[in-house]
Every structure is written in C-alpha cells, then in structure tokens.
Amino acid sequence: MMKLYKNFGKKEKDMKKAKIQEIIDTVKQQELDLRFDHFSNEDAYDLGNHFVKKIKDDGIEMAVQIKRVNGNTLFSYFSEGTNLMNENWMKRKFKTVLMNEKSSYLMWAFNEKGGRGEDPIRDAVLQGMDSKEYALCGGGFPIKLKTGEMVAVMLASNLPHEKDHQFIVEGLESYLKSLD
C-alpha cells in the first residue's frame, strides 16, 4: 500500500514537469512570434493605448507600462483599483526581463522545471536575483525586433501572474495583427 502512494507522488511530479515544459515551449514560441519590424516611442504610445482600450473593454483593473531597455518609461497607465504595489511588482519584473532577455513568466517556468520551485525566494537568490529587486512571475515580456534585438519591455500587474502574462500576449497579438 505504501508503494502506491510513492508512485502517485512521482506520477504527480512527472505531470507537473510535463506541464512546465509545455509552458516553456509555448512561451519560447510566443517570444519568437511576437516581434516588431520597428519600435519607436510613438509605437510605444500606440501600443500602450491599445492595452488601455483592452483594459477598459475587458472591464479589469490593471497597471501597464512600457520601458526601454535603458529604463526610460515610454508609457504608463494605472486603472482605478491599482496602487504602488503594482508599480513595485512591475519594477521587479522589468529587472528580471532585462537581466535574462526573456519573459518573467518563462524565467518562472525555468525555475519550476529545475525542481527548485518549493522556495522561489531562495532560488532567485541562487540565480543572482534578490527577490527585493527581481520577480520570478508572469507580467514582464520582452519587446524585440525581428532581428532579435530587445528594445523595450511590456509590463502588466494586478492579475494572477499567469493571467498577467496572458494579458500581455493577447494584447501584443491583437496589436501586431492590427498593423497588417
């Protein structure tokens, strides 16, 4: 009887690893697909307003920012129901994306896949990312040109981290489609 419980735990861990690998594969593809021909400050303004419209159309409370890789804020919007905590989360997500040139959700998934997910604060520190400065969670996405150069970071905060990521992806997909 004890052996059954051991196998169940192993099976559950294997299923979790398979799910994490699926997330990794999906997010990597999103990062390849959601690229820009060019990205100016005016493009950031248009993209930011596209996200504000999505926030209002979806009837959600959300904070969004677009920052250049040099840290310059190109666009910022905080709907009612957001606060300084959202800004702090976005600062940490920005640093995570900037350091790794990958989405903060992908970095979360890499951390989970490594089997270290039981203590994300310790794991981030082991990767050189102090949890006071970096966030291993969804809500930060690299804005890259088709050449692969990262030029900015799209940030979102106020939903569960997986939904912050999905909000960004859906918004980028619809924005890029509108340019065609």
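Where is the place of N158, in which loop? Hold that thought for a moment while I say what we're looking at.

This is a predicted model, and local features need pLDDT of at least 70, side-chain atom pairs count only at pLDDT 80 or more, while totals for chains, interfaces and linings use all residues. Numbering starts from 1 along each chain as its sequence is written, and side-chain values use heavy atoms, with hydrogens and water left out.

Okay, N158. N158 sits in the loop between β5 and α6. Its phi is near 135°, a positive value in a residue other than glycine. With a relative accessible area of 31%, N158 is partly exposed. For the record, buried means under 20% relative accessible area, exposed means over 50%, and partly exposed is in between, with a 1.4 Å probe and protein chains only. The other positive phi I want to show you belongs to E101, near 55°, again in a residue other than glycine. E101 is in the loop between α3 and α4 (104-113), and E101 is partly exposed too, at 41% relative accessible area.

Now the overall layout. The protein chain has 6 helices and 5 strands, and from the N terminus on the order is α-β-α-β-β-α-α-α-β-β-α. Those are DSSP runs numbered from the N terminus: H or I with at least four residues for helices, E with at least two for strands. The protein chain has 180 residues, and 44% of them count as buried. About 10200 Å² is exposed, with carbon and sulfur atoms supplying 53% of that; the areas come from the Shrake-Rupley method with a 1.4 Å probe, and for residues only the protein chains shown count as cover. Take the contacts with a separation of 6 or more in the protein chain: 69% of them come from residues 24 or more positions apart. Contact here means heavy atoms within 4.5 Å.

Let's go inside. The largest nonpolar core has 26 residues, and the ones with the most contacts inside it are F36, F39, L47, V64, I66, I143 and M154. By nonpolar core I mean a set of buried Ala, Val, Leu, Ile, Met, Phe, Trp, Tyr and Cys residues joined through side-chain atoms within 4.5 Å. Which elements each supply at least two residues of this core? They are α2 (41-58), β2 (63-68), β3 (73-78), β4 (140-145), β5 (150-157) and α6 (161-179). The largest share, 6 residues, comes from α6. Apart from this core lies another, of 8 residues, with I24, L106, W108 and A109 among them.

If you click on M154, you'll find contacts that include L47, F51, V64, I66, I143 and I168, leaving aside residues up to four places away in sequence. Next door in the numbering is L155, in strand β5. L155 counts as buried because its relative accessibility is 0%. Setting aside residues up to four places away in sequence, L155 touches A63, V64, M90, K93, F94 and I168, among others.

That K93 deserves a look. K93 belongs to helix α3, and this lysine is buried, with a relative accessible area of 2%. Beyond four places away in sequence, the residues that K93 touches include S104, C137, L155, S157 and D164. The C-alpha atoms of K93 and Y134 are separated by 6.1 Å, though the two are 41 residues apart along the chain.

Also in helix α3 (residues 84-100) is N86. Is N86 buried or exposed? Buried, because its relative accessibility is 5%. And here we come back to our opening residue: N86 touches A63, F78, S157 and N158, not counting residues up to four places away in sequence.

Last stop, the largest pocket. It holds about 210 Å³ of space. The lining includes D33, R35, F36, H38, K146, Y175 and D180. β1 (35-36) and α6 are the elements that give two or more residues to that lining, and α6 has the largest share, 3 residues. By class, the lining has 5 nonpolar, 1 polar and 6 charged residues. The class rule is that Ala, Val, Leu, Ile, Met, Phe, Trp, Tyr, Cys and Pro count as nonpolar, Asp, Glu, Lys and Arg as charged, and the others, Gly among them, as polar. A pocket, on a 1 Å grid over the protein atoms alone, is an open set of points where a 1.4 Å probe fits, with protein on both sides within 12 Å along at least five of seven lines; lining residues have an atom within 4 Å of a point. Points are joined across faces, edges and corners, and the volume is the space filled by probe spheres set on them.

From that lining, D33 is in helix α1 (residues 2-33), and D33 is exposed at 51% relative accessible area.
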